[in-house]
Structures are given as structure tokens and as C-alpha cells.
Amino acid sequence: QVQLVETGGGLVQPGGSLRLSCAASGSIFSISDMGWYRQAPGAQRELVARISGRAFTNYADSVKGRFTISRDNAKNTVYLQMNSLKPEDTAVYYCNVHLSPTRESGVRNYWGQGTQVTVSS
């Protein structure tokens with residue numbers, strides 16, 4: 001079994017910062033891409049940022065220059081540093097990881113449980 005545990009969400013004022021973490025545990029042979037998505041009320045889930053196994057990154061235009069994604073391969077963890085937060089960043093943030101549980105299994109797609117980020121004064 002594979003688990004993704006997210007931490008770091010909460011309530012922050014506009015202009016503030018938060019750091020999200022997502023740790024993968026369980027049966028893990030290898031991890032490729034890791035990323036963060038978000039879903040606001042009444043909206044579709046959208047990509048926020050992704051980082052490849054070789055640390056290539058891509059970001060949604062709406063967060064470029066404000067958010068930074070990083071990973072610690074030794075800890076099977078992906079981070080999202082969010083600065084200059086805006087009310088429109090309010091959403092449930094989901095971790096997404098592509099990993100192979102065993103050598104034979106191939107790459108599978110896993111989602112975290114989601115963590116609420118609320119930006120409000």
C-alpha cells in the first residue's frame with residue numbers, strides 16, 4: 001500500500017506565506033513526477049506545479065513567481081512554498097505522485113487526501 005500524507009494548509013492573510021508538504025510512504029520502488037493541484041469550490045481541479053524526477057519544473061501561469069515546488073528524494077517528499085498569497089489561491093490543494101510500488105508494477109498515479117488553504121483577511 002502507498003500513502004500520501006499532506007501537511008501545511010491553513011488560514012493566512014493576503015500577502016502571507018504557507019509551505020505544503022506531501023510525504024509518500026509504503027511500498028515504493030521508484031518515484032517519477034510529483035506535483036500539486038488545487039480545486040476551488042465550484043471549479044475543476046487544476047495543476048498548480050509539477051516537478052520531474054530530474055527536477056524539471058512547470059507552473060500554472062497564475063502562480064509563477066510566487067510559488068516554488070521542490071522535492072527531497074531521500075524523504076519521498078514534495079514541497080510547495082507559497083508566497084504572496086492571494087484570496088484567489090483559496091482552494092483544497094492535492095498532492096499527486098507518479099510512482100512504481102514494485103519493479104514489476106509500472107508507474108501508477110496516486111493522490112493525497114487534500115489540504116485546505118484559505119487566504120482571507
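**Strand 1 and its partner.** I looked up strand 1 in this predicted model and found that strand 1 and strand 3 (residues 18-26) pair in the antiparallel sense over six bridges. Going through the bridges one by one, I noted that Gln3 has Ser25 as its partner in strand 3, and that Val5 is bridged to Ala23 in strand 3.

**Faces of strand 1.** I then asked which residues of strand 1 (residues 2-7) lie on the covered face and which on the uncovered one. Val2, Leu4 and Glu6 make up the covered face, whereas Gln3, Val5 and Thr7 make up the uncovered one. I kept in mind that side chains in a regular strand alternate between the two faces of the sheet.

**The sheet.** Following the pairing further, I found an open sheet of four strands in the order 1-3-8-7, with antiparallel pairing. Strand 1 and strand 7 (67-72) stand at its edges and have a single partner strand each, so one side of each is left without a neighbour in the sheet. Neighbouring strands of this sheet are turned by 15° against each other on average, direction ignored.

**Positive phi.** Last, I checked backbone angles, since most residues other than glycine have a negative phi. Ala55, which is not a glycine, has a positive phi near 70°, and I located Ala55 in the loop between strand 5 (46-51) and strand 6 (57-59). Ser84 also has a positive phi, near 50°, and sits in the loop between strand 8 (77-82) and strand 9 (91-100). Are these residues buried or exposed? Ala55 counts as partly exposed because its relative accessibility is 48%, and Ser84 counts as partly exposed because its relative accessibility is 42%.

Notes
Residues are numbered from 1 along each chain as its sequence is written. This is a predicted model: local features need pLDDT of at least 70, side-chain atom pairs count only at pLDDT 80 or more; totals for chains, interfaces and linings use all residues. Side-chain values use heavy atoms; hydrogens and water are left out. Helices (H or I, at least four residues) and strands (E, at least two) are DSSP runs, numbered from the N terminus. Buried means under 20% relative accessible area, exposed over 50%, partly exposed in between (1.4 Å probe, protein chains only). Two strands pair if DSSP finds at least two bridges between them. Axes are lines fitted to C-alpha atoms, for helices over the stretch in contact, and angles run from 0 to 180 degrees between N-to-C directions.
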